[in-house]
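Here is a short tour of one protein model. Keep the sequence and the 3D view side by side as you read.

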Amino acid sequence: MSIVKTGALCPGQQHTVAIEKLTHGGNGLAHIDGMAIFVPSSIPGQKVEVVLHKCKDTYCEAKVVKVVKKSIEEIAPKCKHFHECGGCVWQNLSYNKQIEYKENIVRDTLEHLTPIDEELRKALPGRVLPIIPSPQVFHYRNKLEMRFGYENMRIEEKNGKHIYLDENPCVGFHQPGQWSTVLPVTECHLYDEQIASLLSDVKRFMQSTNLPVYNSKVHKGLLRTLLLRRGIQTGEQMIAFVVKARKKELEPLFQHFMQFGGRSGLASLLVIENLGMDERPDTPKVHTLVGKNTITERLFDLTFEISPFSFFQTNTLATEKLYQAIKDGADLGLNEIVLDAYCGMGTIGQYLARYCEKVVGIESHPTAIEDALRSAGKNRIGNISFYKGRTEQVLSKQLVAGGKYIFSTVIVDPPRAGLHPKAISAILAHNPKKVVYVSCNTATLVRDMAVFLKNGYELRTVQPVDMFPHTAHIETVSVLQKK
Ligand SMILES: C[S@@+](CC[C@H](N)C(=O)[O-])C[C@H]1O[C@@H](n2cnc3c(N)ncnc32)[C@H](O)[C@@H]1O
C-alpha cells in the first residue's frame, strides 16, 4: 500500500504514490504508511508524484505534480479544456468505469456511516442496487451557465490604493477555487453540439459591442452570465444574458442582443437584470426580446414551462429514469397522501399524482412555485397543491403533524446541503411509513439517513442513477421504511 516510508507527513513534502480507487467528491485515494492521501485529478492505476498541501490527523490532501505511470484505465478526453476547466473530472475514464466507481463510492460511504450500530452498518452497502446509467453520455445537459469575466486579474497598490488590472474579457467557467477569474472556453461536450458556434458568436458580440464584463471584486461591469436552456424533447432553446443594469440603461442596448435572435430552435431570447451581489436573483426583472420567457420541456407525458432560474433536473432523459426509480421505491397506494418536499417546479409530484390520492409540494424558490402551479394546470392535474416556503418552516407551521394532512409517504429531494434538522424532526413527527430520499450528495445523505435509522426506520434500497456523466456527482434514491 505505501510507496514511500516517511516520518511525520507535513505540507510541502513530495511523495510518489499509487492511486488505489476513487472516493466521494471525485478524488483519488492513495496511502503513505497507512495514512489516507486524497489526490484530485487522479485515477486508479496511476502512479503520481504529489506535493502534500494539507495534513490532518487522519488524512492528507495532495496535488499532482507529475504522472509517473499511466493507468491502463485512462482514455483520451474528448474536450480540449478537460485538464483546466474542472467541470468534468472523469472524461479520461471510460463511461463503464465511471459508473462502476460511482456505485462503489455509494457503498463505501454507507460502510463508513457512523454513529450507527456496527451490525446494522455492515448491512447497509448490501442495499445498494446496480447503478442506472445515463441514456446519453455526452450532450446530456439541458442547461448551461457560463460567466462573463476576465481571464487574468491583477491587483496593484499605488499610493495606498488598490488598482485592478484586468485582462482578456471573456466568457467561460470559473476554474475550481478561482472564483474571480474566468477560463475562456470554446467547447463543452456536456451541452448541445451547437455550443461552439454560439460561443464564437458571443465572442464576436463582445468584440463588436465592447460592453464591459462584470467584475465581482468591485461589483462593476455589465455582462454577468450567459444562461442557456434547451428542451431536449422539444428542441426549444433559451438564450439569456444576465446583466448588471437597469431598464433605462439597457433599452438602447437591446438591438445588440438581437443578433442572437435568428438562431434555429430559439424559443426565448432574454435580457435579465441582476443588480444584486447574488448570481441568482429571487425575483429577476426579465426583458423578453424574442418569443416567451420560458422554454417547454417534456418528461413522460407531462409538459413543463421552465423559467430561467427555476430548478429543473439538468439531464432530461436520465430524469425519467430517476423518477421511475422514485415511483418504484415509493410503491404508492391509491389512497395515499404524499409529501413532495423541495419540489422545484413540482415535477416528481406531478408524475406521481396519478398513483395516489393527493400530492402536496413544498418549494422555497418563488419562480419555481409559479412554474409548478402553471404546469400542474396545463397538465390537468387536480390532486396536487403547493406551498411556497422553506420545508422546515412550512412543516412546522402550516403542515404540522396531526393537522391538515397525514403524509403516509414523504419524498425529499434537498439541495447538496441535505435536510435541515428541523425538517427531519417535522417529518418524523408525521410518522410516515416510508421516506424516499432523493440525494445529489452522498455525504449529507448518510448524515441524514443516520437520524432516520435511529428513529425507527430501516434502509430498504439505495438506487444510484447517473445524472451527470464525466463528473463526480452521484444521484441516489434511498427508500427508508418504518419498522
Ligand atoms: C435538488 S432540487 C429538486 C427539485 C425537484 N424535486 C426536481 O426533481 O426537479 C432542490 C430544490 O429545493 C429548493 N429548496 C432549497 N432549499 C429549500 C428549503 N429549505 N425548502 C424548500 N425548498 C428548498 C430549491 O429551490 C430546489 O428547487
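A residue counts as buried if 20 or more other C-beta atoms lie within 10 Å of its own, as exposed if 12 or fewer do, and as partly exposed in between. Keep in mind that this is a predicted model.

Start with Glu 74. Glu 74 lies in the loop between β6 (59-69) and α1 (82-85). Is Glu 74 buried, exposed or partly exposed? Glu 74 has 16 other C-beta atoms within 10 Å, so it is partly exposed. Setting aside neighbours within four places in sequence, Glu 74 is in contact with Ile 43 and Asn 92. Trp 90 is 16 residues away from Glu 74 along the chain, and their C-alpha atoms are separated by 9.4 Å.

Now compare Ile 411. Ile 411 belongs to strand β19 (residues 409-412). Ile 411 has 27 C-beta neighbours inside 10 Å, so it counts as buried. Not counting residues up to four places away in sequence, Ile 411 touches Ile 326, Ala 330, Val 338, Leu 339, Asp 340, Ala 341, Ile 348, Val 436 and Val 438. Ser 478 is 67 residues from Ile 411 along the chain, yet 9.9 Å separates their C-alpha atoms.

**Helices**

Helix α9 (residues 366-378) has 13 residues. At 1.5 Å a residue, α9 should span 18 Å, and its end C-alpha atoms are 19 Å apart, so the two values agree. Which residues of α9 are buried? They are Thr 367, Ala 368, Ile 369, Asp 371, Ala 372, Ser 375 and Ala 376. Their cover includes β15 (302-306), α8, β17 and β18 (384-388).

Helix α4 (residues 195-209) has 15 residues. From first C-alpha to last, α4 reaches 21 Å, close to the 21 Å expected.

Two other helices pack together. Helix α2 (residues 95-111) and helix α12 (residues 442-454) meet at an angle of about 35°, with axes 10 Å apart. The crossing of α2 and α12 is right-handed. On the α2 side, Ile 105, Val 106, Thr 109 and Leu 110 take part, and on the α12 side, Thr 442, Ala 443 and Val 446. The contact of α2 with α12 has five nonpolar, two polar and no charged residues.

**Positive phi angles**

Most residues other than glycine have a negative phi. The residues below have a positive one.

| Residue | Phi | Place |
|---|---|---|
| Asn 159 | near 50° | loop between β7 (143-158) and β8 (161-173) |
| Asn 210 | about 60° | just after α4 |
| Asp 331 | about 45° | loop between α7 (316-330) and β16 (337-341) |
| Arg 380 | near 55° | following α9 |

Why does Asn 159 count as exposed? Asn 159 has 5 other C-beta atoms within 10 Å, so it is exposed. Asp 331 has 14 other C-beta atoms within 10 Å, so it is partly exposed.

**The ligand**

How many residues surround the ligand? There are 19, and the closest are Phe 311, Tyr 342, Gly 344, Ser 364 and Asp 413. By class, the shell around the ligand divides into ten nonpolar, six polar and three charged residues. Helix α8 (347-352) and strand β17 (358-363) each supply at least two residues of this shell. Both α8 and β17 are also among the elements covering the buried residues of α9.

Technical notes
Residues are numbered from 1 along each chain as its sequence is written. This is a predicted model: local features need pLDDT of at least 70, side-chain atom pairs count only at pLDDT 80 or more; totals for chains, interfaces and linings use all residues. Helices (H or I, at least four residues) and strands (E, at least two) are DSSP runs, numbered from the N terminus. The expected span of a helix is 1.5 Å times one less than its number of residues. A residue is near a molecule or strand if its C-beta atom, placed from the backbone, lies within 6 Å of it. Ala, Val, Leu, Ile, Met, Phe, Trp, Tyr, Cys and Pro count as nonpolar, Asp, Glu, Lys and Arg as charged, and the others, Gly among them, as polar. Axes are lines fitted to C-alpha atoms, for helices over the stretch in contact, and angles run from 0 to 180 degrees between N-to-C directions. A crossing is left-handed if the near helix is turned anticlockwise from the far one by less than a right angle, and right-handed if clockwise. Two residues are in contact if their C-beta atoms, placed from the backbone, lie within 7 Å.
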